[in-house]
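Trainee: I've just opened this one and would like some help reading it. Could we walk through the features together?

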There are 2 protein chains.
Amino acid sequence: MDLHDDQLLPPVGYTASGLACGIYPDGRKDIALIASDRPASAAGMFTTNRVQAAPVHLNREHLIDGKAQAILINSGNANACTGEKGMANARHEAALIADRLSLTPEDVLVNSTGVIGVQLPMDKVETGIAGVLDTLGSGWDDAAEAIMTTDTVPKKASATLTIGGKTVTLAGIAKGSGMIAPNMATMLCYVVTDAAIAAEDLRGALSQTSQRSFNCVTVDGDMSTNDTIILMANGGSETGQISDDNLSDFTDALEQLLINFARKVARDGEGATKLITITVNGAKSEADGRTVGLSVANSSLVKTAVFGRDPNWGRILCAMGYAGIDFDPDRATVSMAGIPIYADGAGLEFDHDAAVEALGAEEIPIDINLAEGDAQIVIYTCDLTYDYVRINAEYTT
Amino acid sequence: MDLHDDQLLPPVGYTASGLACGIYPDGRKDIALIASDRPASAAGMFTTNRVQAAPVHLNREHLIDGKAQAILINSGNANACTGEKGMANARHEAALIADRLSLTPEDVLVNSTGVIGVQLPMDKVETGIAGVLDTLGSGWDDAAEAIMTTDTVPKKASATLTIGGKTVTLAGIAKGSGMIAPNMATMLCYVVTDAAIAAEDLRGALSQTSQRSFNCVTVDGDMSTNDTIILMANGGSETGQISDDNLSDFTDALEQLLINFARKVARDGEGATKLITITVNGAKSEADGRTVGLSVANSSLVKTAVFGRDPNWGRILCAMGYAGIDFDPDRATVSMAGIPIYADGAGLEFDHDAAVEALGAEEIPIDINLAEGDAQIVIYTCDLTYDYVRINAEYTT
């Protein structure tokens with residue numbers, strides 16, 4: 001399996017487009033379309049927030065049959081908390097796409113991200129839909145840009161693997177910067193592949209691989225109303241149906257791709273200057289490890305300490321302690337930026353200047369061993385900075 | 001019952017002192033003592049963090065008999081994650097106080113707050129202990145100052161009530177600014193009273209009243225290793241033992257006093273410019289209401305929106321939604337700063353300029369009705385500002 005970071009290698013049979021239709025007042029791109037030229041299996045995972053956006057409700061409905069052929073996404077407006085009108089607008093979008101591409105509305109998935117509680121400006125959206133339909137082609141970069149909200153960089157990656165002597169390609173785009181918490185990764189992510197997989201297997205692969213990727217990302221602990229990941233497989237690679245024999249190869253490739261997106265989302269967290277990767281070893285279970293890791297990852301005190309290049313292990317221990325998972329603080333160990341800082345129930349001697357220097361890196365590993373079992377998990381987050389406050393005190397309205 | 005905000009009316013038989021012994025390098029007061037001249041019933045509540053400071057372990061032990069007569073507190077050092085040496089230091093502090101006041105060490109409670117993982121500078125602490133013993137008297141204001149860490153103001157309040165024709169006084173000091181989350185209020189709070197109450201009733205009153213006070217405060221969601229509240233009752237008012245007949249009067253007064261402290265701690269949250277009071281009505285249970293309220297209170301996005309005077313109700317709905325409590329978003333209502341902003345599953349029309357104006361106030365109410373039941377609870381928190389990041393990126397080391 002080869003991972004192609006920051007590259008979009010279009011799988012057979014897919015086209016994309018993206019442009020500005022005026023939802024953002026400043027002329028940024030804000031609408032995107034991805035389409036397959038042939039029927040495709042499809043699976044989705046969605047926010048578990050009790051408050052769910054209209055397109056999330058619609059996509060659940062449209063994925064019941066395990067098929068989809070087009071994905072529309074707009075940024076600048078979440079179409080969440082918009083009542084029946086919001087639902088009608090989402091259905092109307094699907095109908096417009098279906099009409100032009102000769103699909104049924106159930107084959108079209110609709111996605112929105114941005115401000116909550118404002119109705120979609122349907123005149124602009126309709127113009128945008130006509131535009132993205134007219135320009136469908138190799139516009140993957142435009143699509144990756146058009147789904148950004150407070151993201152500072154477009155997020156794209158691909159993976160290739162060989163199945164039955166033929167190349168299978170997976171390619172994806174994602175967005176996510178604030179309102180990021182599991183489950184699930186609180187972002188939008190669309191991965192399309194030319195593998196041929198039954199919808200049931202596609203669902204299984206997505207559910208399994210999200211456990212160690214999207215469900216391990218947090219920026220601010222706020223789970224969005226719109227989180228969505230969609231996976232489509234159209235069989236264009238002509239490898240024949242992926243079966244039990246090679247499903248794990250496909251699943252591994254998908255997991256690597258999704259972890260790549262998880263890291264990208266954490267690193268581009270609102271205002272972030274650093275990616276923090278928290279590895280929890282020695283947990284009784286993966287779930288226990290995730291709980292402890294997320295507790296540390298969501299601690300504002302840990303995140304500000306990393307921003308301030310402060311090797312303040314006490315805050316890490318504290319956040320481990322209130323996670324609600326049993327462990328013995330006298331047996332746990334912690335290192336930060338590669339420097340062992342805590343063992344045997346107390347802080348270790350370390351060179352403070354060297355630690356401050358190490359904390360200047362772009363990626364800060366925090367390694368925890370709970371000494372309770374064999375499970376391991378990695379959590380992805382970022383530091384908490386002045387810019388997080390600035391961005392979120394100035395956003396919307 | 002009369003609440004005396006920001007006043008310390010010393011109950012009969014108690015003295016206090018506070019001074020600087022050099023734990024803080026800048027000469028700030030950092031050690032305090034409160035003592036009763038006669039035996040007192042005592043009760044305590046402590047952090048539920050798995051990682052607990054040495055003095056927390058010691059105080060649990062010393063309160064088994066339901067009695068205490070002196071409380072030592074230092075700031076500038078938490079004596080947490082300090083292993084056996086930290087435990088020995090805490091015991092030594094208790095022994096020094098006991099020796100001078102002719103008590104048993106079990107009658108002395110020891111408390112520390114500040115940086116985690118650094119051993120107490122015992123030479124300075126011993127000098128400090130001699131000093132606070134020498135100056136015991138009406139030094140309540142000094143004591144309130146000496147327990148501050150990143151607090152910007154000392155926190156004190158009293159309550160008086162009449163029981164059996166005689167005045168009973170409750171007086172307290174508290175600290176808490178960062179690393180504040182339930183349970184419990186993640187702060188230090190010491191309340192002394194001249195009521196006469198059996199230790200068992202005192203424990204019951206503390207447990208009951210903390211539910212709607214300390215367990216409803218959050219600044220940053222970080223539960224400390226040192227959270228402690230101590231309640232002492234020495235009978236100096238000579239009202240006779242408080243019994244079932246008048247226990248509820250006492251409990252009410254205690255609750256008002258503790259709620260006053262809860263508000264003070266939230267308002268003085270690190271970097272805070274505003275107190276946010278989140279009232280959840282219509283919950284199925286108080287516990288459900290607390291979960292929803294704390295979810296909103298801990299949302300960095302809600303807190304930055306309040307800081308930015310942004311009536312962004314979508315973020316409130318979103319945080320309600322991921323609290324994990326069942327409710328129907330179409331029946332819930334929300335108002336912010338007194339302005340109804342959400343009902344019937346969608347945002348309400350409101351005057352945006354008036355809302356921004358209203359959000360300029362020092363106290364911002366957020367009123368939520370879940371329309372699911374009759375329970376009500378109030379949660380206290382503060383906004384998230386540049387200064388929170390500054391304080392915590394620059395603290396410690």
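Mentor: Happy to. Keep in mind that this is a predicted model. Let's begin with where the chains meet: 52 residues of chain A are in contact with 52 residues of chain B.

Trainee: Which elements of chain A supply at least two residues each to the side that touches chain B?

Mentor: They are α8 (300-307), α9 (313-321), β13 (346-347) and α11 (386-394) of chain A. The largest share comes from α9(A), with seven residues. Sorted by class, that side of chain A has 24 nonpolar, 22 polar and six charged residues.

Trainee: How are the two copies related to each other?

Mentor: Here's the general idea: two copies of a chain are related by a rotation about an axis and a shift along it. In this model, chain A is superposed on chain B by a rotation of 180 degrees with 0.0 Å of shift along the axis, and the RMSD is 0.0 Å. The two copies are therefore related as by a two-fold rotation axis. In chain A, the C-alpha nearest the axis belongs to Tyr386(A), 2.7 Å from it.

Trainee: And why can we say that the copies meet through the same surface?

Mentor: Because 100% of the interface residues of chain A are also interface residues in chain B.

Trainee: Let's go inside one chain. Into which domains is chain A divided?

Mentor: Chain A has domain 1 (2-266) and domain 2 (275-394). Their C-alpha centres lie 32 Å apart. Where the domains touch, twelve residues of domain 1 of chain A are in contact with 13 residues of domain 2 of chain A. The domain 1 side of that contact divides into six nonpolar, four polar and two charged residues.

Trainee: Now sheets. How do I read one?

Mentor: Start with the pairing: strands of a sheet pair through backbone hydrogen bonds, either parallel or antiparallel. In chain A, six strands form an open sheet in the order β13-β12-β11-β14-β10-β15, with mixed pairing. At the edges stand β13 and β15 (375-382) of chain A, each with a single partner strand, so one side of each is left without a neighbour in the sheet.

Trainee: In which sense do β12 and β13 of chain A pair?

Mentor: Strand β12 (residues 339-343) of chain A pairs with β13(A) in the antiparallel sense, over two bridges. For an example to click on, Tyr342(A) has Gly347(A) in β13(A) as its bridge partner.

Trainee: What about the sheet in chain B with β13 and β15 at its edges?

Mentor: There, six strands form an open sheet in the order β13-β12-β11-β14-β10-β15 of chain B, and the pairing is mixed. Look at β10 (residues 275-283) of chain B, which pairs with β15(B) in the antiparallel sense over seven bridges. Leu275(B) has Cys382(B) in β15(B) as its bridge partner.

Trainee: Can you show me a parallel pair too?

Mentor: Sure. Strand β4 (residues 67-75) of chain B and β5(B) run parallel, joined by six bridges. Within that pair, Ile71(B) has Leu109(B) of β5(B) as its bridge partner.

Trainee: Are the faces of β5(B) covered or exposed?

Mentor: First, the rule of thumb: in a regular strand the side chains alternate between the two faces of the sheet. In β5(B), both faces are covered, with Val108(B), Val110(B) and Ser112(B) buried on one side and Leu109(B), Asn111(B) and Thr113(B) buried on the other. That fits the count for β5 (residues 108-113) of chain B, where six of its six residues are buried.

Trainee: How many residues of helix α9 of chain B are buried?

Mentor: Nine of its nine, so to speak the whole run of residues 313-321. Among them are Trp313(B), Arg315(B) and Met320(B). What covers the buried residues of α9(B) includes α7 (286-297), α8 (300-307) and β14 (363-369) of chain B.

Trainee: Which residues touch the most other members of the largest nonpolar core?

Mentor: Ile34(A) and Ile34(B), in a core of 263 residues. Leaving aside neighbours within four places in sequence, Ile34(B) is in contact with residues including Tyr14(B), Ala70(B), Ile71(B) and Val192(B).

Trainee: One last stop: where is Gly235(A)?

Mentor: Gly235(A) sits in the loop between β9 (228-233) and α6 (247-267) of chain A. Gly235(A) is buried, with 22 other C-beta atoms within 10 Å. Beyond its neighbours within four places in sequence, Gly235(A) is in contact with Asp194(A) and Ala196(A). Gly235(A) and Pro11(A) are 224 residues apart in sequence, yet 9.6 Å apart in space, C-alpha to C-alpha.

Conventions: Residues are numbered from 1 along each chain as its sequence is written. Chains are lettered from A and ligands numbered from 1 in the order in which they are written. This is a predicted model: local features need pLDDT of at least 70, side-chain atom pairs count only at pLDDT 80 or more; totals for chains, interfaces and linings use all residues. Two residues are in contact if their C-beta atoms, placed from the backbone, lie within 7 Å. Helices (H or I, at least four residues) and strands (E, at least two) are DSSP runs, numbered from the N terminus. Ala, Val, Leu, Ile, Met, Phe, Trp, Tyr, Cys and Pro count as nonpolar, Asp, Glu, Lys and Arg as charged, and the others, Gly among them, as polar. Domain bounds come from an automatic or database domain assignment. A nonpolar core is a set of buried Ala, Val, Leu, Ile, Met, Phe, Trp, Tyr and Cys residues joined through C-beta atoms within 7 Å. A residue is buried if 20 or more other C-beta atoms lie within 10 Å of its own, exposed if 12 or fewer, and partly exposed in between; C-beta atoms are placed from the backbone. Copies are superposed by least squares on the C-alpha atoms of residues with pLDDT of at least 70 in both. Two strands pair if DSSP finds at least two bridges between them.
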